[in-house]
Amino acid sequence: MSFRPPVRDLAFALNDVVGLEPLIALFPEFDQETLMAVLEAAGELAAGVLGPLNRIGDQVGAKFENGQVISAPGFKAAYQEFVDGGWNGLSADPEFGGQGLPRAVALAVFEMISAANMSFGLAPMLTLGAIEALTAHGTDRQKALYLPHLTNGAWSGTMNLTEPQAGSDLALVRAKAEPDGEGTYRITGQKIYITWGDHDCAENIIHLVLARLPDAPEGVKGISLFLAPKKLVSEAGEIGEANALRPGGIEHKLGIHASPTCTMLFEGAKAELVGAPNQGLACMFTMMNSARLNVGIQGVAIAERAYQHALAYAQERRQGRSPWSTDAVAPIIDQPDVRRTLALMKAKIEAGRAICLATAVAADVAHLSADPEVKARARLREELFTPIAKAWCTDVGVEVASAGVQVHGGMGFVEETGAAQHYRDARIAPIYEGTNGIQAIDLAGRKLGLGGGEAVRQLVADMKATVAALTAPEVQTVGARLASAIDAVEHASAWMLEQKGTPNALAGATAYLKLLGDTVGGWMLAKGALAAVDRPDAAARGALARLYADQVLTGAAGLAGGVMAGSADLEALTAGVLAA
Ligand SMILES: Cc1cc2nc3c(=O)[nH]c(=O)nc-3n(C[C@H](O)[C@H](O)[C@H](O)COP(=O)(O)OP(=O)(O)OC[C@H]3O[C@@H](n4cnc5c(N)ncnc54)[C@H](O)[C@@H]3O)c2cc1C
């Protein structure tokens, strides 16, 4: 099924739910006309070029032949079209060839690209990670040498963190970097699961690699960040001979078959240090927020694609009588349970989209605002929302894609319709870029405590201001349910702050993240309903907000109970007890 770019919904989320006023002030070149032109053109690229390759990418996938990765059919030409169109450097620094657009706009574009073809979108996503790491920590020479090629997409980038024994716990990284007497280093070691680690779409690949210098301290304090190109680069920027690194193979995976996930072998590869020695993890952390947000929007993207698929099927497939149809055999969309499923899918997508875009706007403001108070407030919001955007939205991606399979009935389980691909593709997003369990610990352990709980206090105040505006009869129940959910958030947050650092907080973290995500999602839908008053879509937006409030926000008090249940039972359920 072809992909229909949700340009109108993205523009609504940006303009009416999140609000672009702060960005118009911070980006002098940016205005409504630019926004719409960018979204329309990106939508065309996504629907016309990338979407049609999604199926073949799944069926054929990337291949590993003669020690090299061959991209899936059509991907090389599509990549060329993507970079020729200037899509690679949308939010990158104009000094190095980027377009300097707000991050929020680039994220909206990335949603459409990922919805059309999640595997394809991962290539520019990882390149963006390399651009951000070099922008923040590279020397002037490194920036001048590498950033223009990464920004225009002629070269792509990778992130080499994971090793067989070092996944969530990067303190266990073992790859070694030895000085070679020429001011550079030689890296040896094996990295696994490296996204787009090798391919034939770009002229060169710039690998950012975590490794240890000789005599580096144990643990995270002894990890440094290095840059190792696939092909060596002269000081004049010319591509030279192959570096001593290669892909050892690609993984056979549940989904995203066209994204080559490589084992990378570093066999004395020439590399340069990025940032200070032993500061590698800190360097990676500066770009972690942005990478996590990009994965969050992948969850929204795949949900949108699955929703479009299911919506079309539900209008064609006929089964049984319906209370809402005079047809002897009604389309299944007229069955209340199917309608509920589809409407909740849509509500969660809109909620997740707004959460991600609000995080991006906060990141833009935190980066650029000249007002220290505004900057600090935006930074707190970005920090608080990032783990929610990553984990809640990718969980929604899986949930919605699963609902899409369900709407298709048996046709969802067989591969023919394509609904199954969305479900398979969606499943990676809660795992990579820090598993959702790790995001929950980040939220409960670090973000909640920022400024002694200030980030959540500010959020609660903002949400309460919206509740106060929900007075019209059609949104009163939304206001009441949102108010109860906010109470649950306040209660659970106070408890989590008290329990900080204890097993109780760790045991309650995932439920706490879900409670916050569910509540903030309801807040976003409520803001949408308020913004739509007096517009043609007022009734639809009001109904979506009410449905979400009735079906999701009503669960907040129960979730708070789960947050505060403590860890005693878990402690008792030891491996021995569970395996008995
Ligand atoms: C398709 C794909 C692409 C990837 N791309 C890249 C890439 O480009 N670059 C890169 O470096 N890596 C990449 N990864 C690796 C990915 O980031 C890791 O798989 C992920 O961080 C989890 O690590 P792990 O697989 O070792 O799982 P583990 O760390 O072994 O975790 C297993 C389970 O235990 C849980 N867990 C672990 N520790 C804790 C804890 N302290 N508290 C609570 N729960 C915990 C986790 O949440 C998880 O559920 C990719 C992986 C895949 C599958």
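This passage walks through several helices, a few contacts and two loop residues of a predicted model.

Helix 17 is a good place to start. It runs over residues 503–532, and at 1.5 Å a residue its 30 residues should span 44 Å. The C-alpha atoms at its two ends do sit 44 Å apart, so the expected and computed spans agree. That agreement comes alongside a bend: helix 17 has a kink of about 50°, with Ala 509 at its centre. As for its surroundings, 21 of the 30 residues are buried, so the rest of the structure largely encloses helix 17.

Ala 507 belongs to helix 17 too. Its relative accessibility is 32%, and because buried means under 20% and exposed over 50%, Ala 507 counts as partly exposed. Setting aside neighbours within four places in sequence, Ala 507 is in contact with Gly 566, Ser 567 and Leu 570. Gly 562 lies 55 residues from Ala 507 in sequence, and the C-alpha atoms of the two are 9.3 Å apart in space.

Helix 15, residues 454–469, brings in further partners, and Thr 466 is found there. At 8% relative accessibility, Thr 466 counts as buried. Apart from neighbours within four places in sequence, Thr 466 is in contact with Trp 523, Ala 526, Lys 527 and Leu 530. Those partners carry numbers that fall within helix 17, residues 503–532. Met 463 also has its place in helix 15. Here the relative accessibility is 1%, so Met 463 is buried as well. Not counting residues up to four places away in sequence, Met 463 touches Ile 486, Thr 519, Val 520 and Trp 523. Trp 523 therefore turns up in the contact lists of both Thr 466 and Met 463, with contact meaning heavy atoms within 4.5 Å. Another pairing involves Gly 352, which is 111 residues from Met 463 along the chain; their C-alpha atoms are separated by 16 Å.

What follows helix 17? Just after it, Asp 534 takes a positive phi of about 70°. Asp 534 sits in the loop between helix 17 and helix 18, and it is a residue other than glycine with a positive phi. With a relative accessibility of 78%, Asp 534 counts as exposed. Asn 278 offers another case of a positive phi in a residue other than glycine, this time near 65°. The loop that holds Asn 278 lies between strand 11 (261–274) and helix 9 (280–316). Asn 278 is partly exposed, its relative accessible area being 25%.

Past the loop with Asp 534 comes helix 18, residues 538–551, which packs against helix 16, residues 476–498. The angle between this pair is about 35° and their axes are 9 Å apart, and helix 16 passes helix 18 in a left-handed crossing. On the helix 16 side, Thr 477, Val 478 and Arg 481 take part, and they meet Ala 545, Arg 546, Ala 549 and Asp 550 of helix 18. By type, the residues of this contact split into three nonpolar, one polar and three charged. In general, residues three or four places apart in an α-helix point the same way, because there are 3.6 residues a turn.

Arg 541 is placed in helix 18 too. With a relative accessible area of 11%, Arg 541 is buried. Leaving out neighbours within four places in sequence, its contacts are Asp 9, Phe 12, Glu 350, Gly 528, Ala 529 and Ala 532.

Elsewhere in the chain, helix 7 covers residues 118–137. Its 20 residues reach 29 Å from the first C-alpha to the last, close to the 28 Å expected at 1.5 Å a residue. Helix 7 is mostly covered, with 17 of its 20 residues buried.

Arg 186 is found in strand 5, residues 185–195. Its relative accessibility is 31%, so Arg 186 counts as partly exposed. Not counting residues up to four places away in sequence, Arg 186 touches Lys 176, Ala 177, Glu 178, Asp 180, Gly 268, Ala 269 and Lys 270. Thr 477, one of the helix 16 residues that meet helix 18, is 291 residues from Arg 186 in sequence and 63 Å from it in space, C-alpha to C-alpha.

Key. Residues are numbered from 1 along each chain as its sequence is written. This is a predicted model: local features need pLDDT of at least 70, side-chain atom pairs count only at pLDDT 80 or more; totals for chains, interfaces and linings use all residues. Side-chain values use heavy atoms; hydrogens and water are left out. Helices (H or I, at least four residues) and strands (E, at least two) are DSSP runs, numbered from the N terminus. The expected span of a helix is 1.5 Å times one less than its number of residues. The bend at a residue is the angle between axes fitted to the seven residues ending there and the seven starting there. Buried means under 20% relative accessible area, exposed over 50%, partly exposed in between (1.4 Å probe, protein chains only). Axes are lines fitted to C-alpha atoms, for helices over the stretch in contact, and angles run from 0 to 180 degrees between N-to-C directions. A crossing is left-handed if the near helix is turned anticlockwise from the far one by less than a right angle, and right-handed if clockwise. Ala, Val, Leu, Ile, Met, Phe, Trp, Tyr, Cys and Pro count as nonpolar, Asp, Glu, Lys and Arg as charged, and the others, Gly among them, as polar.
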